[in-house]
Amino acid sequence: MSQLKDLILNYVKNEYLEADDDREIAYDTPLISSGIVDSFSMVSLKVFLENTYNISIPDAKATPEAFDSVNNIVELLKEFGVHE
Amino acid sequence: MFSPEIRQAFQQQLAEMQAQGIFKEERVICAPQDADIEAEFPIGSERRKVINMCANNYLGLSSHPEVVGAAHRGLDVRGYGMSSVRFICGTQDIHKELERKLTEFLGTEDTILFPSCMDANAGVFEAVLNEQDVMIADRLVHASIVDGMRLAKAQQDTYKHSDMAHLESKLKLHQDKRIRMIITDGAFSMDGDLARLDVIVELAEKYNAMVFIDDSHATGFIGKTGRGTHEHFGVVGKIDIITTTLGKALGGASGGCVSGRREIVEMCRQRARPYLFSNTVAPVVVSGAVAVLDLISKTTERRDKLERNTRWWREHLTEAGFIIKPGETPIVPVMLFNAKLSQDFARDLYEEGVYAVGFFFPVVPKGQARIRTQLSAAHELHHLEKALDAFVKVGKKYDVLHKTKQEIIAMYGE
């Protein structure tokens, strides 16, 4: 259990899954490469992280790889001083 | 220089596209655009007469004699090219006339022409928004809008396709911004559904937001007199920015525009880079488009016929046992779910004399492969009957008639 990971996971579920979509998403589920989040809608996730943690993620860091799973996102957040 | 290593790297990339089945091949049409065309596919193969079910020629005006005649006259009296951008020496009286007519037709305050609607979308956001603003877009907007948004300095956000509650939550979230701009297609090109502009306008008023729509797949035929999605939902005059194209229903040649609030259009004239740095729309195209607007302002005959064709096609496909995306636009996606099946189905249709294209990921979401059919006022009943026969024959071959989505997926996979 991880509070940080769960917060992101919940956001991803609410933000990207349709009401009738019962796909299970875990910490290591691919988000971008599986098509759950596309590169265009990924920006919502970036805005959420920036607002929640009061950080600014430069575009060069906001790559599809860095956002491809909850685990990856948590790794990225560490670079900005956000820890569990 | 183009070294052997670099050449090889590109060859490798292209080969990967082919292996993934996402390599696009052109079909050569050896006739004017119409319901009946002669096509060569693959290139070099024998020409075939086929019924065209995939053009954006919604009103059947691409090769209409009055439009062709007007284009000829335009060529005679205003020449072939202008060899200039608009603001140096590329603006003729007919460019101003076309902009005036588009403004009148769309029920807006002013209009500016662009070389294409792709260019209009690429230029408009950067020209009018800054870093204090936010663009909130439907997730299924056209690729040209996505590109245009990327060029702008304003913040970006998105909402689930046509999910008004989600849009509302985003409008609340961004109350601290100078401008909130809701961005959507009027009619969505892949699913053929309409944006819920009545609700969108209500939300825009409640949360002080501007509304942008790209009505390329609606201008000329959606709404009682074909003005577009805003007419359909009774919100003419309440959409702040409409972009649309001359490359589909309005004659189908090329060109697009930004139409809307006077100041927004003026900002585009001053700052939109695709307008400032590309050539003016050719006089021959402008003359044809003026004739199109005259034609469709006089009578709704063609959009009415398109509506009848659409209803017939939707009803008969459903009756035959196909799963189609519900809606009322002449974009009718026939759902097959599996990518390879959509390609095989399209190839067999071509063999039966019907030309339609299969779409699959990444153009549409995974597991939602389909044949996108598009109706035209150029279609007569005999075209539709023949096309339906072909669909049924191929549908039987692959055993997809009267099957549920789950049954089709069980047979072919997602």
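## Cores, a sheet and a contact between chains

In this predicted model, the largest nonpolar core holds 116 residues, and the members that touch the most others are Met135(B), Ile136(B), Ile182(B) and Val211(B). Helix H12 of chain B, residues 283–298, is the top contributor to this core with ten residues. Because domain 1 (21–52 + 301–412) and domain 2 (65–298) of chain B both supply residues, this core lies between them.

Ile136(B) is a good place to zoom in. Beyond its neighbours within four places in sequence, Ile136(B) is in contact with several residues, including Leu167(B), Leu171(B), Met181(B), Ile182(B) and Ile183(B). Its contacts also include Asp157(B), Lys170(B) and Arg180(B). A second, separate core has 15 residues, among them Val12(A), Tyr16(A), Val37(A) and Phe67(A).

Next, let's look at a sheet in chain B. Four strands form an open sheet in the order E1-E2-E3-E12, with mixed pairing. Some of its strands are listed here:

| Strand | Residues | Pairing |
|---|---|---|
| E1 (chain B) | 28–29 | a single partner strand |
| E12 (chain B) | 354–355 | a single partner strand |
| E2 (chain B) | 36–40 | antiparallel with E3, four bridges |

Strands E1 and E12 of chain B stand at the edges, so one side of each has no neighbour in the sheet. Within the pairing of E2 with E3 (residues 48–52) of chain B, Ala39(B) sits opposite Arg48(B).

Finally, the two chains meet: chain B puts nine residues into the contact and chain A seven residues. On the chain B side, strand E6 (residues 155–159) gives the largest share, four residues. By class, that side has four charged, three polar and two nonpolar residues.

Terms used:
Residues are numbered from 1 along each chain as its sequence is written. Chains are lettered from A and ligands numbered from 1 in the order in which they are written. This is a predicted model: local features need pLDDT of at least 70, side-chain atom pairs count only at pLDDT 80 or more; totals for chains, interfaces and linings use all residues. A nonpolar core is a set of buried Ala, Val, Leu, Ile, Met, Phe, Trp, Tyr and Cys residues joined through C-beta atoms within 7 Å. A residue is buried if 20 or more other C-beta atoms lie within 10 Å of its own, exposed if 12 or fewer, and partly exposed in between; C-beta atoms are placed from the backbone. Helices (H or I, at least four residues) and strands (E, at least two) are DSSP runs, numbered from the N terminus. Domain bounds come from an automatic or database domain assignment. Two strands pair if DSSP finds at least two bridges between them. Ala, Val, Leu, Ile, Met, Phe, Trp, Tyr, Cys and Pro count as nonpolar, Asp, Glu, Lys and Arg as charged, and the others, Gly among them, as polar.
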